[in-house]
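Thank you for sending this entry over. The points below are set out in numbered paragraphs, so that each can be checked against the coordinates in turn.

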Amino acid sequence: MQTRTLTRKTCQTLLEEFQRAPQPLRVEKLVFAGVGGRDVYNISAPFEDDGEWVIAGRVEARDSEQSEVYFFVEREGTWVPREGAPVFALQDPFVSRVHGHLVFGGVETFPHPVLHGKLYWRTVFYRGKTINELAHFFTGPDGMKDIRLVELRDGSVGVFTRPQGEKGGRGKIGFTRIGALDELTVEAIENAPLIDGQFADEEWGGANEVHLLGNGLVGVLGHIACFDQERNRHYYPMVFAFNPDTGEASDMELIATRAHFLDGPAKRPDLADVVFSGGLIRKGDGTADFYAGTSDAEAQKLTIVDPFTKYERQG
């Protein structure tokens, strides 16, 4: 794997580098129905369950953050709630497969224990052979989003974390490994070392989806974010490769910006330049379909050059 530099790259630096890289190829909005006119955004990539392709999506009214996660199936070009599938009171769903289990999770909000009228959050995990068999098995530390799991080549489980505060500032990525899902603990997550050389202190980011690559490296799809002087948020989808044996990471690279997606509404004006990395389907022809939420209001699919292929040629 290419040796990374020790220089932390800011959003601005990554944007300048991305302008010189291959640009996305095609874009389309995903059409959702059957949720009472609410927005569907921050979706997972499609995954197979009981012989059909399913998308998990965050569903909520434009003027609310009371969110539910539905499982959608495609019917004549429109994604509709899957009949009989469970609905979860969560935000920002994610899916992976570990040791034969479908692992599903999302962000649970609850009243802040200290700040009256504010919400706090944590990541919760479910597992099962299918969607209809999902059962809760773990709740992450209070205040931590973006915990992601991946089955590694030796059969162990890689755990990506995102502490904030004294350890992680506004949010940095950590990594540890465990032997099995039942070994996932709050202590293991809180003790995960941070990946060196990522995120300036005034910026933040996290892992959204993790891919085991053919050579044993891990391809991380994530985000890097910052505020501008008017306190508007800017979220950019990024990728990097990670060696779980050495702890080394490649430099982050952007794969798109909000301008590469179709125009559309935003939940609030300060969220207009937000792309939420949902998932990536690698198609084997040198391209990949990138599924994302845009401006906290819609879901879109962008076809891009597969960002992980070059890492599989290394090591």
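**Notes on the predicted model**

1. In this chain the charged end of arginine 148 sits over the ring of phenylalanine 94, at 3.8 Å from the ring's centre. A second placement of this kind involves arginine 127, whose charged end sits over the ring of phenylalanine 137, 4.7 Å from its centre. Please keep in mind throughout that the model is a predicted one, and that the distances quoted in this note are therefore to be read as values computed from that prediction.

2. On the overall fold, the chain contains 3 helices and 20 strands. Its radius of gyration is 18 Å, close to the 20 Å that the globule rule gives for 315 residues, so the chain is as compact as a globular protein of that length. Taken along the principal axes, the C-alpha atoms fill a box of roughly 50 × 50 × 40 Å.

3. As to burial and surface, 55% of the 315 residues count as buried. The chain exposes about 13800 Å², and carbon and sulfur atoms supply 47% of that area. Among contacts with a separation of 6 or more, 52% are accounted for by residues that are 24 or more positions apart.

4. Aromatic pairs deserve a paragraph of their own, as the count comes to 19. In one of them, the rings of phenylalanine 175 and phenylalanine 242 have their centres 4.7 Å apart and their planes at 55°, so this pair is classed as tilted; the angle falls short of the 60 degrees that an edge-to-face pair has to exceed. Phenylalanine 175 belongs to strand β13 (residues 174-178) and phenylalanine 242 to strand β16 (residues 233-242), so the pair ties together parts of the chain that are 67 residues apart in sequence. Both rings belong to buried residues, phenylalanine 175 having a relative accessible area of 9% and phenylalanine 242 one of 1%.

5. Aromatic residues also come together in a group, since Phe47, Phe71, Phe88, Phe104 and Tyr126 form one aromatic cluster.

6. How many disulfides does the structure hold? The number is 0, although one cysteine pair merits a closer look. The sulfur of cysteine 11 has its closest cysteine sulfur in cysteine 226, at 3.4 Å, which is too far for a bond, because a disulfide is counted here only for sulfur atoms within 2.5 Å. Seen from the other side, the closest cysteine sulfur to that of cysteine 226 is the one in cysteine 11. Cysteine 11 is buried at 2% relative accessibility, and cysteine 226 counts as buried too, at 11%.

7. Aspartate 49, in strand β3 (residues 47-49), is a charged residue that I would ask you to inspect, because its relative accessible area of 3% makes it buried. Leaving aside residues up to four places away in sequence, aspartate 49 touches Val54, Arg82, Leu102, Lys129, Thr130 and Ile131. The C-alpha atoms of aspartate 49 and tyrosine 126, which are 77 residues apart along the chain, are separated by 15 Å.

8. Alanine 45 is located in the loop between β2 (39-41) and β3, and it counts as buried, with 6% relative accessibility. Again leaving out residues up to four places away in sequence, alanine 45 touches Val54, Ile55, Glu209, Gly278, Gly279, Leu280, Ile281 and Tyr291; Val54 thus appears in this list and in that of aspartate 49. Between alanine 45 and leucine 262, which are 217 residues apart along the chain, the C-alpha separation is 18 Å.

9. Two backbone angles should be checked by eye. Most residues other than glycine have a negative phi. Aspartate 50, however, has a positive phi of about 50° although it is not a glycine; this residue lies in the loop between β3 and β4 (52-60) and is exposed, with a relative accessible area of 61%. Histidine 99, also not a glycine, has a positive phi of about 50° as well; histidine 99 is found in the loop between β7 (91-98) and β8 (101-111) and is partly exposed, with a relative accessible area of 31%.

Technical notes
Residues numbered from 1 in each chain as written. Predicted model: local features only at pLDDT ≥ 70, side-chain atom pairs only at ≥ 80, totals over all residues. Heavy atoms only, no water. Phe/Tyr/Trp six-rings, centres within 6.5 Å; stacked < 30°, edge-to-face > 60°. Helix = DSSP H or I, 4+ residues; strand = E, 2+ residues; numbered from the N terminus. Buried < 20%, exposed > 50% of the residue type's maximum accessible area, 1.4 Å probe, protein only. Lys NZ or Arg CZ within 6 Å of the ring centre and 35° of its normal. Rg over C-alpha atoms; globule rule 2.2 N^0.38 Å. Contact = heavy atoms within 4.5 Å. Areas by Shrake-Rupley, 256 points an atom, 1.4 Å probe, with all protein chains shown as cover.
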